[in-house]
Amino acid sequence: MRENKNILPNINDARLRNRPVKIIYKDVQVPSSLLNFPYPKTFYIKTYGCQANYRDEETIAGLLCYAGFKRVDNIQTASIIFFNTCAVRENAEQKLFGHLGELKAIKQKDKNKIICVSGCMMQERESLQFLVDTYKYVSIIFGTHNIASILDLLDEYLSTKKMLIRVPSNSDEVVENLPSYRSSLFKAFVNITYGCNKFCTYCVVPYTRGQERSRLMEDILKECRFLKENDYQEITLLGQNVNAYGKDLKDGSNFAKLLEEVAKMNFPRIKFLTSYPSEFDDDLIDVIAKYDNISKYIHLPVQSGSNVILQAMGRRYSKEAYLDLVKRMRAKIPNLRLSTDIIVGFPNESEEDFLETLDLVQKADFASAFTFIYSKRKDTPAAKIVDKVSYETKVERFKRLVKLLEQHISAYDAKAMNQLHHVLVESVSEKDPTMLSGYDEDNKLIHFKGDTNLIGKIVKVKIKESHMYSLIGELIDE
Ligand code: SAH
Ligand code: SF4
Ligand code: F3S
């Protein structure tokens, strides 16, 4: 029997930065315990959180499929169960605990089930400890930095049958050549950077995802080329701050250059997430304006319109600088549609601060927005601030913000009436099986009647009705 050496997260390691990045071209080996796995070779994965976590899910699934396992949608029929967690706000954590409780009965019925919990929440020591104390039937806990080792972790668990905890807190590695099980045959996420160095004072991501590290441009382009050969219609370049792409490589690569190279590959639709306002430079604006296949729907989180709060958040721009950037973008990209993230109720945000946010929303004219009430995250600098504002006040402000945003969204929808939108058809509508659903170039959910053989294609749809968070249209035959 091997010695069970658990690795627990450590906040000091999580803070480390500026180590040289190692690129590892991994030669994945399947351990014999998995080749000869004695139970049905099935696995189930449930992911919470952002696109980075969904992309990680595709890697976990890719590794399991490489080892001969089959993904199943029914948790009861899976021999290995994965929960890939998020920690960005408290409610993301609550959802997980509900699901983990349900697993107790499954494990009691079949003690050979292997239950794995991974992702950002496991990078936090207290959450991890709570999980270990409360859900003793969990088999493997791993983090965001050792996904590439999941087959070896399973092998180790099969030999010890003891709970394994392997959560290194940071990484200076970029691991290439991992197999992927992509969730879509026509739209794909492509990582360009991992981690984040911004340390906004409210945010856990720099601690849960570690040091910012860029993939080499040639490796990203190789992955894109493969997706193009496989007829992918839409790709989204992913990073917590895509504008920082290349800065750590010191080989002259940057995001504008990378985006231009990807645009030249002629994907019908290219998106990127997430942009950081003060690093969004003019070269990037020019590339976006130059290529029709680069989406003009851009997510540019502002978080707040108050300079006092922006500074307390550690965001490195002012309200005026943000609005000036929006103006420069609109001048060169006339059909720009902006989306944003806003946090309401950062500690001690005053009514005056909040009015600045409403004013910014008015001026920036967002086509869509994700709004959140501030959630206190342990170990972040903002968690130490003594907050004098009541939760009721925050909720009341949140409602006012949503109301104003909805006015802007309605105005946007009114302009869309009778216009032709290009929709990448994804599926049959969940609510109405006679309708198809997909997203247009503005990331708006569109429903329309059509044949299922259109799934995976980009079609023209004339917009006829608006329902705030979705639109209904008619297919236009060419
Ligand atoms: N890297 C991206 C996304 C980070 S997480 C970016 O910087 O935009 C996505 C969003 O969650 C953030 O933009 C922010 O609006 C929100 N968020 C992050 N931490 C939060 C917290 N502690 N409370 C409430 N919202 C938070
Ligand atoms: Fe969090 Fe800020 Fe990094 Fe975004 S840029 S992930 S909000 S620390
Ligand atoms: Fe959540 Fe981690 Fe993403 S905290 S939002 S899954 S980076």
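**View 1. Strand β12 (residues 234-238) is largely enclosed by the rest of the structure, because five of its five residues are buried.** The model shown here and in the following views is predicted. E234, T236 and L238 point one way from β12, whereas I235 and L237 point the other way; the residues of both groups are buried.

**View 2. Strand β12 pairs with strands β9 and β13.** β9 (residues 187-191) runs parallel to β12 and is joined to it by five bridges. Within this pairing, N191 has L238 of β12 as its bridge partner. With β13 (residues 269-273), β12 likewise pairs in the parallel sense, over five bridges, and I235 is matched there with I270. Helix α9 (residues 255-263) completes a right-handed β-α-β unit with β12 and β13.

**View 3. An open sheet of six strands shows parallel pairing in the order β3-β2-β4-β5-β6-β7.** Its edge strands, β3 (70-71) and β7 (164-166), each pair on one side only. Strand β2 (residues 42-47) and strand β4 (residues 80-85) run parallel and are joined by five bridges; Y44 stands opposite I81 in β4.

**View 4. Helices α3 and α5 pack on the sheet.** Helix α3 (residues 51-66) touches β2, β3, β4, β5 (114-119) and β6 (140-142), and its direction makes about 175° with that of β2. Helix α5 (residues 125-134) touches β5, β6 and β7, with its direction at about 175° to that of β6.

**View 5. The surroundings of ligand 3 comprise C50, N53, C86, A87, V88, C120, V205, R209 and Q240.** By residue class, this shell divides into six nonpolar, two polar and one charged.

How values were computed: Residues numbered from 1 in each chain as written. Chains lettered and ligands numbered in written order. Predicted model: local features only at pLDDT ≥ 70, side-chain atom pairs only at ≥ 80, totals over all residues. Heavy atoms only, no water. Buried < 20%, exposed > 50% of the residue type's maximum accessible area, 1.4 Å probe, protein only. Helix = DSSP H or I, 4+ residues; strand = E, 2+ residues; numbered from the N terminus. Pairing = 2+ DSSP bridges. Right-handed = clockwise from strand over helix to strand, strands pointing away. Near = heavy atom within 4 Å. Nonpolar A, V, L, I, M, F, W, Y, C, P; charged D, E, K, R; others polar. Contact = heavy atoms within 4.5 Å. Axes fitted to C-alpha atoms, helices over the stretch in contact; angles between N-to-C directions.
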